[in-house]
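Student: Could you take me through a close look at one part of this model, starting from a single side-chain contact? After that, I'd be glad if you connected it with the rest of the chain.

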Amino acid sequence: MTIEQEKRLAGEAAAELVESGMLVGLGTGSTAAFAIRRLGERVREGLRIRGVATSRQTAELAGAVGIETMDIGQVERIDLTIDGADEIDPALNLIKGGGGALFREKIVAAASARLVIFADHTKLVPHLGAFPLPVEVNPFGWQLAATRIRGLGAKEVSLRRVADCAFVTDNHGYVLDCHFQQITNPADLADQLRRITGVMEIGLFIGMADLAVLGDGGSVRRIQPTPA
Ligand code: 5RP
């Protein structure tokens with residue numbers, strides 16, 4: 001089975017966790033797109049839900065498949081958020097933000113009673129950090145933030161670019177991709193990064209996920225967090 005097929009399997013399995021009446025956080029990325037399309041089918045079959053999108057791209061897809069979305073400012077509590085990830089450790093700490101939506105993804109996840117992450121099996125890793133950690137920063141003086149992140153042990157910190165221009169997030173931020181290689185203490189690193197002036201959000205999601213749903217070969221594996 002290909003990675004794309006595993007993503008689809010996991011995404012569609014996550015979409016089955018959604019029940020009528022729920023307010024659902026809708027993740028961003030290629031795996032999330034499979035879940036959203038499946039949810040759209042379920043809406044056409046009679047499922048009654050509303051969604052909160054984690055990016056403009058997701059809002060567009062949700063609208064296209066017939067899922068009504070609400071602005072985050074209109075909601076107090078989201079019942080369930082389904083989202084992808086770039087890396088998942090056995091405690092279900094995550095690296096997210098490969099698609100640049102980490103800021104909104106974290107706001108939506110933090111407002112959710114339950115966060116379910118779904119991915120292909122390659123995203124489950126013993127330790128976070130091989131995937132460069134995305135950190136969203138204010139464009140003003142981003143170089144200073146980059147220097148301080150290097151001071152925390154990142155081997156390389158690169159400004160994310162699209163063609164020759166800086167990639168700009170939905171919140172008008174820049175993304176620094178920070179190569180830590182192995183993050184031994186994700187919570188500690190998140191604390192230190194948060195203290196850097198100019199950092200808007202960090203792609204480390206610590207202790208937020210309740211369940212991971214992995215496409216693994218032809219089957220779906222469900223993983224509950226185990227203590228780190
Ligand atoms: C976007 C994310 C995505 O969930 C993450 O990058 C995984 O993407 P994909 O499903 O395309 O592999 O965090 O900001």
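Tutor: Happy to, and let's start with Arg38, whose side chain makes a polar contact with the side chain of Glu41 at 2.8 Å. Please keep in mind throughout that this is a predicted model. Arg38 belongs to helix H2, which runs over residues 30-44. Despite its charged side chain, Arg38 counts as buried, because its relative accessible area of 15% falls under the 20% cut-off. What about the neighbour, Leu39: is it buried or exposed? Leu39, also in helix H2, is buried, with a relative accessible area of 0%. From Leu39 we can also look across the chain: its C-alpha atom is 18 Å from that of Glu105, and the two residues are 66 positions apart in sequence.

Now let's turn to the ligand. Around it there are 17 residues, and the closest are Ser30, Thr31, Asp86, Gly97 and Lys123. With H2 covering residues 30-44, you can look for Ser30 and Thr31 from that list on the helix we have just been discussing. By character, the shell has nine polar residues, six charged ones and two nonpolar ones. Backbone atoms take part as well. A polar backbone atom of Thr28 is 3.0 Å from an oxygen atom of the ligand. For Gly84, a backbone N or O atom comes to 3.3 Å from a ligand oxygen, and for Gly100 the corresponding distance is 3.4 Å. Of the 380 Å² of accessible area that the ligand has on its own, the protein covers 91%. The site itself is the second largest pocket, and that is where the ligand sits.

For contrast with the buried pair in H2, it helps to visit some loops. Gly73 is found in the loop between helix H3 (56-64) and strand S3 (80-83). Gly73 is exposed, because its relative accessibility of 68% is over the 50% cut-off. Its C-alpha atom lies 30 Å from that of Val162, which is 89 residues away along the chain.

Further along, two loop residues deserve a look for their backbone angles. As background, most residues other than glycine have a negative phi. His172, which is not a glycine, nevertheless has a positive phi of about 65 degrees. Its place is the loop between strand S10 (165-166) and strand S11 (174-179), and with a relative accessible area of 55% it is exposed. Gln181 is another non-glycine residue with a positive phi, here about 70 degrees. Gln181 sits in the loop that joins S11 to helix H6 (186-194), and it is exposed at 52% relative accessible area.

After H6 comes one more loop, leading to strand S12 (199-202), and Gly198 lies in it. Is Gly198 buried, exposed or partly exposed? Gly198 is partly exposed, because its relative accessible area of 28% falls between the 20% and 50% cut-offs. From there to Gly215 is 17 residues in sequence, with 37 Å between their C-alpha atoms.

To return to where we began, Arg38 and Leu39 are both buried, whereas the loop residues Gly73, His172 and Gln181 are exposed.

Conventions. Residues numbered from 1 in each chain as written. Predicted model: local features only at pLDDT ≥ 70, side-chain atom pairs only at ≥ 80, totals over all residues. Heavy atoms only, no water. Near = heavy atom within 4 Å. Polar contact = N/O pair within 3.5 Å; in protein donor to acceptor, adjacent residues only side chain to side chain. Areas by Shrake-Rupley, 256 points an atom, 1.4 Å probe, with all protein chains shown as cover. 1 Å grid on protein atoms, 1.4 Å probe; cavity = no way out; pocket = protein on both sides within 12 Å on 5 of 7 lines; lining within 4 Å. Sits in = over half its atoms within 2 Å of the grid points. Helix = DSSP H or I, 4+ residues; strand = E, 2+ residues; numbered from the N terminus. Buried < 20%, exposed > 50% of the residue type's maximum accessible area, 1.4 Å probe, protein only.
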